[in-house]
Amino acid sequence: MLRKFLIVPALALALAACATPEPRFDSDGRPLPSTYKIASGDTGKIQYRMLDSVNALRQARGAQPLELSSQLNAAAQTHSRDMSVQNRPWHFGSDGSSPLDRVTRTGYQGRLVGENISETYETELETLAAWMEVPETRDVILDPRARDLGFSWYQESSGKIWWTLITGQPSGTAGPTS
């Protein structure tokens, strides 16, 4: 009998933990964004989750998998922070730098294939899904010439996240010319 009394409260507690919190709404009736907080120790986990997801999408399209590049990660991190400083998502740095300039500054020994950026409160996988909905950003992810991936972000104290994804083709890598 005592066992039954212990199981029921434990089951109720477990079910309560699985409950989805009620959405919060702004004064205009629109849902408030939920904050996706990134811990400082999550960098590798998030970068590899993005790499695995991108490679799954590329495999479905018959494209070669990408590898993480520390130089492209550095270029992405620099640009994410700079977009926050500028408070606008765009491809030019506050010093006038282009994606090509930033990639070259890191010492990347290849060609820039493309760059995707985002200003959002969404997770990296929600952001990837949004990029896949737009032909221009989807093309950066699926471009068959790409072999390297850089991915990073900057999260403001408000929770807003500035994401940057960069793809590149290493020097000496033969690939499709499309």
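This passage walks through the sheet, the nonpolar cores and the largest pocket of a predicted model.

A good place to begin is the sheet. Four strands come together in an open sheet, and reading across it gives the order E1-E3-E4-E2, with mixed pairing. At the edges sit E1 and strand E2 (110-120), each of which pairs on one side only. The mixed character can be followed strand by strand. E1, made up of residues 67-68, runs parallel to E3 and is joined to it by two bridges. In one of these pairings Glu67 has Asp148 of E3 as its bridge partner, and Leu68 is partnered by Leu149, also in E3. E3 and E4, by contrast, pair in the antiparallel sense, over eight bridges. Leu149 takes part here too, standing opposite Thr167 in E4. The hairpin of E3 and E4 has five residues between the strands, and Gly159 in this hairpin adopts a positive phi near 105 degrees.

How enclosed is E3, and why? Seven of its eight residues are buried, so the strand is largely enclosed by the rest of the structure.

The next feature is the packing of side chains. In soluble globular proteins, nonpolar side chains tend to be buried together. In this model, the largest nonpolar core holds 20 residues, and those touching the most other members are Trp131, Ile141, Phe151, Trp163 and Leu165. Helices and strands both contribute: helix H2 (43-60), helix H5 (124-132), helix H6 (135-142), strand E3 (148-155) and strand E4 (161-170) each provide at least two residues of this core. The largest share, four residues, comes from H2. Ile141 gives a close-up of this packing. Leaving aside residues up to four places away in sequence, Ile141 touches Val54, Arg58, Asn116, Leu128, Trp131, Met132 and Leu165. Apart from the largest core lies another one, of six residues, including Leu72, Ala76, Val103 and Ile166.

Finally, there is the largest pocket, with a volume of about 210 Å³. Which residues lie closest to its centre? Of the 13 residues that line the pocket, they are Thr43, Gln77, Ser152, Trp153 and Tyr154. H2, helix H3 (70-86) and E3 each supply at least two residues of the lining. By chemical character, the lining divides into seven polar residues, five nonpolar and one charged. E3 thus recurs throughout this account: E3 pairs with E4 in the sheet, supplies residues to the largest core and helps to line the largest pocket.

Conventions: Residues numbered from 1 in each chain as written. Predicted model: local features only at pLDDT ≥ 70, side-chain atom pairs only at ≥ 80, totals over all residues. Heavy atoms only, no water. Core = buried A, V, L, I, M, F, W, Y, C linked by side-chain atoms within 4.5 Å. Buried < 20%, exposed > 50% of the residue type's maximum accessible area, 1.4 Å probe, protein only. Contact = heavy atoms within 4.5 Å. Pairing = 2+ DSSP bridges. 1 Å grid on protein atoms, 1.4 Å probe; cavity = no way out; pocket = protein on both sides within 12 Å on 5 of 7 lines; lining within 4 Å. Points joined across faces, edges and corners; volume = space filled by probe spheres on them. Nonpolar A, V, L, I, M, F, W, Y, C, P; charged D, E, K, R; others polar.
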